[in-house]
Amino acid sequence: MIEIDDVLAHALVPLLDARAVLYQHYLELDRRVKRAASQDDVCMKLMTIPGVGPIAALSFKSAVDDPTRFKRSRTVGAYFGLTPRRYQSGEHDNPGRISKSGDRDVRAVLYAAANALLMRTMASSQIKSCAARQAMPASLRGGMRLMRTKGRRRAVVAVARKLAVLMHRCWIDGSEFRQDQVGGMA
């Protein structure tokens with residue numbers, strides 16, 4: 001169709017050439033990230049966790065930097081702002097949205113990894129089933145209905161927090177992720 005119309009060809013050919021160049025640069029950056037992650041032992045252990053890819057592993061490793069500065073793995077989720085705010089005053093104790101403190105890029109990467117775990121990973125896992133239970137209202141927990149939008153978001157945040165804890169624990173222990181060890185998380 002471009003060959004038929006000269007005006008259209010004059011407008012679209014430079015755009016298609018720019019797209020091809022951008023795609024080549026994207027492929028080169030993707031290769032570099034994968035190579036950097038595959039050459040790092042910590043990142044390779046972190047990538048054994050379902051949903052965690054090279055970008056998530058590298059981002060988490062660079063943001064935490066020294067895993068021994070956290071006394072407990074549970075506090076890593078709070079460090080990245082994945083815990084709910086609390087409004088407490090006298091008689092009121094209302095949980096709010098996540099606190100969004102800490103590095104927002106790492107929080108976004110953890111959220112994306114949790115979303116990939118929940119929505120794209122076909123294999124069932126205890127992390128995934130725990131999130132599905134948390135996202136559904138109490139009346140629907142027995143059935144396999146679709147999660148509502150608000151429930152899905154809360155489930156993804158909960159899984160992102162659990163991924164941060166798992167990634168920190170794998171880094172501290174120097175162990176790889178094994179599905180049978182997740183039983184205590186539910």
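Arginine 153 has a relative accessibility of 48% and therefore counts as partly exposed. The residue belongs to helix 7, which spans residues 149–173. On the surface of this predicted model, Arg153 gathers with Arg85, Arg97 and Lys100 in a patch of positive charge.

The protein chain holds seven helices and two strands. Read from the N terminus, the order of these elements is α-α-α-α-β-β-α-α-α. Of the 186 residues in the protein chain, 30% are buried. The area exposed by the protein chain is about 12600 Å², and carbon and sulfur atoms supply 54% of it. Among contacts with a separation of 6 or more, 52% are between residues 24 or more positions apart.

Helix 1 covers residues 6–38 and includes leucine 15. With a relative accessibility of 56%, leucine 15 counts as exposed, because the threshold for that class is over 50%. A nonpolar patch on the surface is formed by Leu15 together with Leu12 and Leu16, and the accessible area of these residues together is about 270 Å².

Salt bridges were searched for across the whole structure, and five were found. One of them links glutamate 28 to arginine 32, with the closest N and O atoms 3.2 Å apart. Both residues lie in helix 1, and because they are four residues apart, about one helical turn separates them. Glutamate 28 is partly exposed, its relative accessible area being 28%.

A salt bridge is also formed between aspartate 30 and lysine 34, where the closest N and O atoms are 3.2 Å apart. This pair, too, is placed in helix 1, with a spacing of four residues, or about one turn of the helix. Aspartate 30 has a relative accessibility of 24% and so counts as partly exposed. Lysine 34 is likewise partly exposed, at 46% relative accessibility.

In the salt bridge between lysine 61 and aspartate 40, the closest N and O atoms are 2.7 Å apart. Lysine 61 is in helix 3, whereas aspartate 40 is in the loop between helix 1 and helix 2 (41–46), so this pair ties together parts of the chain that are 21 residues apart in sequence. The partners fall into separate accessibility classes: lysine 61 is partly exposed at 26% relative accessibility, while aspartate 40 is buried, with a relative accessible area of 17%. Beyond the individual pairs, Glu28, Arg31 and Arg32 are joined into one network by salt bridges that share partners.

Helix 3 comprises residues 54–64, and its buried residues include Ala56, Ala57, Ser59, Phe60, Ala63 and Val64. Aspartate 65 follows helix 3 and has a positive phi, near 65°.

Arginine 107 is located in helix 5, which consists of residues 104–119. This arginine is buried but has no salt bridge. The nearest side chain of opposite charge belongs to aspartate 103, at a distance of 7.1 Å. A salt bridge requires a side-chain nitrogen within 4 Å of a carboxyl oxygen. When residues up to four places away in sequence are not counted, arginine 107 touches Phe80, Gly81, Leu82, Ile98, Lys100, Ser101 and Gly102. One of these, Lys100, is also a member of the positive surface patch that contains Arg153.

Helix 7 also holds isoleucine 172. This residue counts as partly exposed, as its relative accessibility is 34%. Once neighbours within four places in sequence are set aside, isoleucine 172 is in contact with Pro67 and Thr68. The C-alpha atoms of isoleucine 172 and proline 67 are separated by 6.5 Å, although the two residues are 105 residues apart along the chain.

Technical notes. Residues numbered from 1 in each chain as written. Predicted model: local features only at pLDDT ≥ 70, side-chain atom pairs only at ≥ 80, totals over all residues. Heavy atoms only, no water. Patch = residues over 30% accessible without salt bridge, like charges linked within 9 Å, V, L, I, M, F, W, Y side chains within 5 Å. Areas by Shrake-Rupley, 256 points an atom, 1.4 Å probe, with all protein chains shown as cover. Lys, Arg positive; Asp, Glu negative; His and termini not counted. Charge placed at Lys NZ, Arg CZ, Asp CG, Glu CD. Buried < 20%, exposed > 50% of the residue type's maximum accessible area, 1.4 Å probe, protein only. Contact = heavy atoms within 4.5 Å.
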